[in-house]
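Here is a short report on one protein and its ligand. Take a look at the structure first, then read on.

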Amino acid sequence: MNPTIQELMASLPEQVTHHIQHLERMRQDFVANVSHELRTPLTVIHGYLEALLSQNLEETQPWKKIFTQMQQQTLRMENLIEDLLLLSRLENQGDENADENHINVAALLKTICHDAAEFSGEAKHQIQIEADAKLFLLGNNSELRSLFSNIIFNAVKYTPANGQINIQWNNQGEQASFSVRDTGIGIAAEHIPRITERFYRVDPARSRASGGTGLGLAIAKHVLLRHQAFLTIESELNKGSLFTCVFPKKRVASCHSER
Ligand code: ADP
């Protein structure tokens with residue numbers, strides 16, 4: 001079996017390890033600073049485009065299509081920057097626990113599914129949810145929302161129109177399991193081990209066209225790590241995929257009333 005990153009690092013001389021850690025911190029800071037600096041000018045451009053389009057002026061009519069495309073692209077860049085900033089926050093916090101509460105996962109999933117159905121729109125995916133309303137999870141609400149949304153929205157993005165998406169939240173022994181099964185395009189076995197890497201895409205053109213940032217599953221991986229949970233992916237090309245997140249017993253709580 002190949003050694004893990006931790007095992008490899010432990011086998012290196014201390015000076016080398018320090019240098020690698022220093023470079024990694026520089027990389028993280030660089031990405032965070034660039035993302036932050038790009039945010040302001042982009043907000044200004046987006047704001048002006050929105051104003052131009054909303055006024056519906058006669059002079060701008062011939063340019064409407066171009067302005068609309070520019071606005072869509074700025075929105076894409078904004079999403080990318082938000083995801084980069086979220087990812088660097090998750091990386092920088094390491095194992096430190098952000099604000100944690102007992103989360104009503106069933107209620108959270110209901111709102112995400114509502115948004116996913118809107119996102120599906122004309123494609124009319126059949127989104128079904130089966131969630132144990134008494135099963136709560138100790139964790140960070142916004143991190144968990146990102147995790148669940150990324151996996152559910154991916155199911156919509158990578159499943160052709162009218163396909164089925166089944167979401168489950170229930171006990172698995174003393175652990176808790178969140179799973180999303182879709183009838184989509186599937187993922188070939190050789191891609192699965194790399195799918196949670198930043199910007200790793202099976203089909204870059206398709207993923208970009210579907211509006212993804214390429215960071216969704218990298219974010220999911222970090223959120224899972226911070227909740228001591230793990231992800232399994234089963235998939236078959238042109239049949240569909242099953243993404244399952246398993247949370248440890250210490251994070252699971254049974255609640256009989258809404259908190
Ligand atoms: P993206 O923004 O490109 O969707 P993600 O990190 O969320 O980025 O996903 C990485 C890649 O994994 C996607 O580009 C896609 O190729 C693949 N993928 C993720 N979820 C699914 C799914 N449910 N079905 C098929 N492929 C998927």
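## Around the ligand

A residue is near a molecule if one of its heavy atoms lies within 4 Å of it. By that rule, 21 residues are around the ligand. Asn154, Tyr158, Ser207, Gly214 and Leu217 come nearest. Keep in mind that this is a predicted model.

Which elements supply at least two residues each of the shell around the ligand? They are helix 5, helix 7 (216-226) and strand 7 (240-247). Helix 5 gives the largest share of the shell, three residues.

## Polar contacts and cover

Look at the polar atoms next. A nitrogen atom of the ligand lies 2.9 Å from a polar side-chain atom of Asp182. An oxygen atom of the ligand lies 3.2 Å from a backbone N or O atom of Val202. For Leu217, a polar backbone atom is 2.8 Å from an oxygen atom of the ligand.

How much of the ligand does the protein bury? Taken alone, the ligand exposes 530 Å². The protein buries 98% of that.

## Helix 4: length and sides

Helix 4 covers residues 105-120, which makes 16 residues. At 1.5 Å a residue, the helix should span 22 Å. Its end C-alpha atoms are 22 Å apart, so the model agrees with the expected span.

Which residues of helix 4 are buried? They are Val105, Ala106, Leu108, Leu109, Ile112, Cys113, Ala116 and Ser120. These residues cover an arc of only 145 degrees around the axis, so they sit on the same side of helix 4. An α-helix has 3.6 residues a turn, so residues three or four places apart point the same way. On the other side of helix 4, Lys110, His114 and Glu118 are exposed.

## What covers helix 4

Several elements help to cover the buried residues of helix 4. Among them are strand 1 (101-104), strand 2 (126-131) and strand 3 (135-139). Helix 5 (141-157), strand 4 (164-172) and strand 5 (175-182) are also included. After helix 4 comes Gly121. The phi of Gly121 is positive, near 50 degrees.

## Gln28 in helix 2

Gln28 belongs to helix 2, which runs over residues 14-55. Is Gln28 buried or exposed? Buried means under 20% relative accessible area. Gln28 has a relative accessible area of 11%, so Gln28 is buried.

What does Gln28 touch, not counting residues up to four places away in sequence? Its contacts are Ser88, Glu91 and Asn92.

Key:
Residues are numbered from 1 along each chain as its sequence is written. This is a predicted model: local features need pLDDT of at least 70, side-chain atom pairs count only at pLDDT 80 or more; totals for chains, interfaces and linings use all residues. Side-chain values use heavy atoms; hydrogens and water are left out. Helices (H or I, at least four residues) and strands (E, at least two) are DSSP runs, numbered from the N terminus. The expected span of a helix is 1.5 Å times one less than its number of residues. Buried means under 20% relative accessible area, exposed over 50%, partly exposed in between (1.4 Å probe, protein chains only). The arc is that of the directions from the helix axis to the C-beta atoms. Contact means heavy atoms within 4.5 Å. A polar contact is a pair of N or O atoms within 3.5 Å; within protein, one must be able to donate a hydrogen and the other to accept it, and residues adjacent in sequence count only if both atoms are side-chain atoms. Accessible areas come from the Shrake-Rupley method with a 1.4 Å probe; for residues, only the protein chains shown count as cover.
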